[in-house]
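Got your viewer open? Load the model and we'll walk through it stop by stop.

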Amino acid sequence: MTLEHSIEPAAKTLLNADALLITAGAGMGVDSGLPDFRGNQGFWKAYPPIAKLGLHFSQMSTPKWFHQNPKLAWAFSGHRLNLYRKAIPHNGFLQLLETAKSKKGGYFVFTSNIDGQFQKAGYDEDKIVECHGSIHYLQCIRPCTDDIWEAAGIEVNVDEQAFEALEPLPQCQNCGLIARPNVLMFGDWAWNDDRTEKQEKKLLNWLDKVEKAGFNLAIIEIGAGTAVPTVRIYSEVIADKDNSTLIRINPRDIDVPNGHISIPLGGAEGINRILKIVNFS
Ligand SMILES: NC(=O)c1ccc[n+]([C@@H]2O[C@H](COP(=O)([O-])OP(=O)(O)OC[C@H]3O[C@@H](n4cnc5c(N)ncnc54)[C@H](O)[C@@H]3O)[C@@H](O)[C@H]2O)c1
Ligand SMILES: [Zn+2]
């Protein structure tokens, strides 16, 4: 299917939808100026100091650094926290929210992004699942309790040259040990998934209501990669149900199951081109 032939059916799918599930990977942030981590080259391009250390994303994003070298661990996490705090969500977030809010069955977001950009763009906190957690929340590295607390008000200063976070590093409020982001890392047995689990329960509840009402569900997926395919698989599993259609927006990883729609564009442009037709119909 060519691009011209897929925009039209995507618009029709959104028009006919009673409910909207938005799924997103790191590619959703690219048009807001945030890096994705496509392959080692992509990761190293975003973090040259980590290229010098020769570490892959899966080797850098592990809880062991918070124990062995907390200044390095917090250089990486602190840099990302500061970047995501400063970022302004691109227009596609806002356009999609307007459409989502117009649906009688409402909307939900399922994302592996830890960057908090959906909340920043005005999406309802109660309608978002962050399946890998959020960098805007912290927990103890041990953890000594199952407390999760907001990172708001906590500043992390990073010496970018040395790629070291400066003291004081974020601390556990209870035991005084180092704190870490409440995000799922590689080889991570200490991640507290309580927040994500609560979010997932709400999503399951909503999906149940959508199904019982016999609603048409459109799933619009933006920028979900193939290396950690959690979001892609989730979109496909939901799309496999009756009355559900997947629209996959991705400039490169364009494969989509039969009967579903692939839009080989960047997120902002893809959303804009589809919604232009939706809004004028
Ligand atoms: N912003 C974030 O929170 C963030 C950023 C990087 C990585 N991560 C984490 O790393 C893992 C990476 O998985 P992933 O699949 O999300 O990222 P990924 O970097 O592996 O893949 C990014 C995907 O986005 C696509 N893409 C590139 N430019 C795009 C654009 N302008 N518009 C739309 N799509 C575009 C790429 O083709 C690719 O398929 C996840 O576990 C995630 O938690 C999070
Ligand atoms: Zn503690």
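The tour goes from confidence to the ligand and ends at a pair of helices.

Start by colouring by pLDDT, since this is a predicted model. The protein averages 96, and 100% of the residues score at least 70. Now pick out the two extremes among the elements: select residues 39-46, helix α3, for the lowest mean pLDDT, 90. Then jump to residues 128-130, strand β3, where the mean reaches 99, the highest.

Next, centre on ligand 1 and bring up its shell of 27 residues. Which of them come nearest? Select G25, G27, G223, G225 and G266. While you're there, highlight helix α2, residues 27-30: with 3 residues, α2 gives the most to the shell around ligand 1. Try colouring the shell by residue class, too, and you'll get 10 nonpolar, 11 polar and 6 charged residues.

For the last stop, hide the rest and show helix α1 (residues 3-16) with helix α12 (residues 267-279). Look at how they pack: the axes are 9 Å apart, at an angle of about 55°. Angles that are neither under 35 degrees, over 145 nor from 65 to 115 count as oblique, so α1 and α12 are oblique to each other. The handedness of their crossing? Right-handed.

Now put sticks on the residues that make the contact. From α1, select I7, E8, A10, A11, L14 and L15; from α12, select R273, I274, I277 and V278. What classes do they fall into? Residues of this contact divide into 8 nonpolar and 2 charged, with no polar ones.

Terms used
Residues are numbered from 1 along each chain as its sequence is written. Chains are lettered from A and ligands numbered from 1 in the order in which they are written. This is a predicted model: local features need pLDDT of at least 70, side-chain atom pairs count only at pLDDT 80 or more; totals for chains, interfaces and linings use all residues. A residue is near a molecule or strand if its C-beta atom, placed from the backbone, lies within 6 Å of it. Helices (H or I, at least four residues) and strands (E, at least two) are DSSP runs, numbered from the N terminus. Ala, Val, Leu, Ile, Met, Phe, Trp, Tyr, Cys and Pro count as nonpolar, Asp, Glu, Lys and Arg as charged, and the others, Gly among them, as polar. pLDDT is the predictor's confidence in each residue, from 0 to 100. Axes are lines fitted to C-alpha atoms, for helices over the stretch in contact, and angles run from 0 to 180 degrees between N-to-C directions. A crossing is left-handed if the near helix is turned anticlockwise from the far one by less than a right angle, and right-handed if clockwise. Two residues are in contact if their C-beta atoms, placed from the backbone, lie within 7 Å.
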